[in-house]
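This report describes helix packing, nonpolar cores and local backbone features of a single model. The sequence and structure are shown first.

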Amino acid sequence: MADEHLYDLIIVGAGPAGLSAGLYAGRATLDTLVLEGDTVGGQVTTTSVVYNYPAVEKVDGTQLMNQMQKQVADFGVTIEHDQVEKYQLKDEVKVLVGNSGKKYHARSVIIATGAKPRKVGFPGEDEFRGRGVAYCSTCDGELFTGLQIFVVGGGYAAAEEADYLSRFGKHVTVLVRSDHFKCPPLMAARALNNPKVSVEYNTEIKEVKGDDYVTEATLVNNKTGRETTYHVDEGDNTFGIFIYVGTQPATKNLQGIVDLDDRGYIKANANGETNVAGVYAAGDVIVKNLRQIITAASDGAVAATAAEQYITTQKQKQGIPIHADVAKKAAKTVGQTTNLEEQEKVTPHEGNWLSADIDSQLKPIFDRLTKDVTLEVNTNDSDLSQQLVSFVTEFAGLNDHFTVTTKKGSGECLPLLKLLDADGNDTGLHYVGIPTGHELNSLVLGVYNVAGPGQTIAPEMVDRIKKLPAANIRIGVSLTCHFCPDVVAACQRMASLNPNITATMIDLQHFPELRKNKKIMSVPATMIDDSPVIFGSQSLEQLVAAVEKYQ
């Protein structure tokens with residue numbers, strides 16, 4: 001314990017509750033760490049547009065969370081990516097164990113792990129996930145352009161996402177289990193007043209069927225018992241079924257450690273206190289009536305304030321300084337979010353690819369590079385190739401370690417960006433299409449892993465990766481998907497450590513034939529050689545295990 005860092009506070013989860021707690025803890029100069037095993041921003045990043053956050057008329061969900069993250073980082077709070085697997089909370093010093101194997105020590109802990117989308121449970125739901133069944137409109141909506149779409153749910157999320165999905169689908173039908181929307185009328189109006197959206201009340205999905213994709217859905221009226229079967233429209237290969245039926249708390253590893261209710265939500269009092277001294281909970285993971293961004297942020301502020309009082313008392317008893325010497329530092333946020341006014345239409349790119357704000361965030365990261373990198377663009381005669389060359393040229397201007405070369409490419413997936421090391425060797429880190437949007441994160445991490453210190457991972461994992469046999473990994477992405485960059489980065493981390501592995505990001509909107517051949521209707525879609533497609537968010541551990549399994 002002597003050489004282990006002891007934090008004042010560790011916050012588990014970086015959604016609105018965790019980030020709000022981090023902001024209040026940072027302002028109070030507590031030595032604070034935020035641990036996030038998935039995407040910073042939580043479920044808000046799956047929300048196309050946020051309309052109900054005070055003083056903000058409308059904002060992209062990811063943009064709102066990036067702004068929160070920047071505030072937190074500006075107050076000296078570090079956010080690390082690690083999934084907490086074990087909690088040891090009874091003693092005065094709390095110990096958290098991540099799936100990286102690393103142990104974290106703190107005087108106090110705030111659990112803000114949130115909740116995940118809940119499944120309906122109809123036959124075919126799991127079988128056709130990624131092949132018609134989806135849970136994230138911002139990730140997968142564009143893949144259903146011109147197709148029929150069903151939205152399952154009767155709450156705020158269902159109404160909001162039905163309205164959003166109408167910009168892609170030729171028609172959207174909302175299936176509501178009860179005889180009315182459960183959200184306030186003004187919220188439901190976004191769906192009810194949209195001419196491309198219709199609503200079927202007292203209606204549930206009994207089962208879905210198909211071959212490669214969903215092609216048939218049996219619907220049942222739960223009042224009359226009448227069943228109807230919807231068949232895919234002639235000429236279409238599938239239709240979409242987007243699920244929004246509530247959430248399930250992320251408390252799997254907390255059974256028997258803190259008090260939970262019968263649904264698995266954490267019991268916490270008005271101050272966020274759990275039954276364990278020094279342990280607090282906030283956000284969608286706790287028992288409460290309303291789960292919204294604003295209530296999660298409020299929970300985080302309350303819990304952080306209570307934790308500060310607890311920590312102060314502990315330090316006073318031990319006769320040690322109350323306030324940590326925490327220096328402010330620049331935000332680590334990288335990536336771009338969608339401008340809502342430009343979201344309505346797709347136009348050719350004009351002007352700079354990277355804003356001045358993005359430039360200022362990237363330059364400190366690139367200042368840590370110690371090796372040269374060549375960004376080789378393999379082109380064809382398309383406008384997309386010209387755009388990729390333009391983007392890469394601007395990107396390379398951010399640091400003297402970058403050099404750009406172009407050459408005529410071959411193969412079906414072009415244009416292609418390759419990262420070459422200082423000796424001109426192909427690192428196996430490839431990008432098909434233009435890595436903007438959320439995928440800018442992937443490119444930045446790729447460069448950092450090839451020419452800088454690289455992301456820290458457990459030595460045991462490094463050994464496993466270096467022993468992996470040759471593998472060609474392709475990750476199908478959408479630039480609006482918040483899950484995709486983590487999967488791309490994990491695969492490319494493997495490639496950066498093992499010369500026998502190639503990891504290629506592919507922007508699927510430009511390659512409909514690949515989507516058709518691989519039967520992809522959801523992202524991220526990970527393809528390891530010719531093995532079956534793996535859909536959804538995957539950790540580094542899961543991806544390494546998949547390569548081990550399929551070789």
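In this predicted model, helices α10 and α12 are roughly parallel to each other, because their axes cross at roughly 20° and angles under 35 degrees count as roughly parallel. Helix α10 spans residues 440-451, and its axis comes within 9 Å of that of α12. The crossing of this pair is right-handed. On the α10 side the contact is made by Asn-441, Ser-442, Leu-445, Gly-446 and Asn-449, while α12 contributes Pro-485, Val-488, Ala-489, Gln-492, Arg-493 and Ser-496. Sorted by class, the residues of this contact comprise four nonpolar, six polar and one charged.

A second helix pair is formed by α1, residues 16-27, and α2, residues 61-74. Their axes come within 8 Å and cross at roughly 25°, and α1 and α2 are therefore also roughly parallel to each other. The crossing of α1 and α2 is left-handed. Here α1 supplies Pro-16, Leu-19, Gly-22 and Leu-23, and α2 supplies Met-65, Met-68, Gln-69, Gln-71 and Val-72. The contact of α1 with α2 contains six nonpolar and three polar residues, and no charged ones.

The two pairs are set out below.

| Helix pair | Axes come within | Crossing angle | Handedness |
|---|---|---|---|
| α10 and α12 | 9 Å | roughly 20° | right-handed |
| α1 and α2 | 8 Å | roughly 25° | left-handed |

The largest nonpolar core of the model has 98 residues, and Val-151, Phe-391, Phe-395 and Met-494 have the most contacts inside it. Helix α12, residues 484-497, gives this core its largest share, eight residues. A separate, second core holds 33 residues, among them Val-72, Ile-293, Ala-304 and Ala-306. Val-72 is also one of the α2 residues in the contact with α1.

What does Val-151 touch beyond residues up to four places away in sequence? Its partners are Ala-158, Ala-162, Leu-165, Val-172, Thr-173, Val-174, Leu-175, Phe-242 and Tyr-244.

Strand β15 covers residues 240-243 and includes Gly-240. Is Gly-240 buried or exposed? Gly-240 counts as buried, because its relative accessibility is 0%. Apart from neighbours within four places in sequence, Gly-240 is in contact with Gly-132, Phe-144, Gln-148, Ile-149 and Phe-150. From Gly-240 to Leu-445 the separation is 205 residues in sequence and 33 Å in space, C-alpha to C-alpha.

Several backbone features remain to be noted. The peptide bond from Leu-414 to Pro-415 is cis, with omega near 5°, and Pro-415 belongs to the loop between β19 (402-408) and β20 (416-420). Val-523 and Pro-524 are likewise joined by a cis peptide bond, with omega about -5°. Pro-524 is placed in the loop between α13 (512-518) and β24 (525-528).

Positive phi values occur at Thr-29, where phi is near 60°, and at Asp-529, where phi is about 50°; neither Thr-29 nor Asp-529 is a glycine. Thr-29 lies in the loop between α1 and β2 (32-36). Because its relative accessible area is 26%, Thr-29 is partly exposed. Asp-529 is found in the loop between β24 and β25 (534-535). With a relative accessibility of 28%, Asp-529 also counts as partly exposed.

Key
Residues are numbered from 1 along each chain as its sequence is written. This is a predicted model: local features need pLDDT of at least 70, side-chain atom pairs count only at pLDDT 80 or more; totals for chains, interfaces and linings use all residues. Side-chain values use heavy atoms; hydrogens and water are left out. Axes are lines fitted to C-alpha atoms, for helices over the stretch in contact, and angles run from 0 to 180 degrees between N-to-C directions. Helices (H or I, at least four residues) and strands (E, at least two) are DSSP runs, numbered from the N terminus. Angles under 35 degrees count as roughly parallel, over 145 as roughly antiparallel, 65 to 115 as roughly perpendicular and the rest as oblique. A crossing is left-handed if the near helix is turned anticlockwise from the far one by less than a right angle, and right-handed if clockwise. Contact means heavy atoms within 4.5 Å. Ala, Val, Leu, Ile, Met, Phe, Trp, Tyr, Cys and Pro count as nonpolar, Asp, Glu, Lys and Arg as charged, and the others, Gly among them, as polar. A nonpolar core is a set of buried Ala, Val, Leu, Ile, Met, Phe, Trp, Tyr and Cys residues joined through side-chain atoms within 4.5 Å. Buried means under 20% relative accessible area, exposed over 50%, partly exposed in between (1.4 Å probe, protein chains only).
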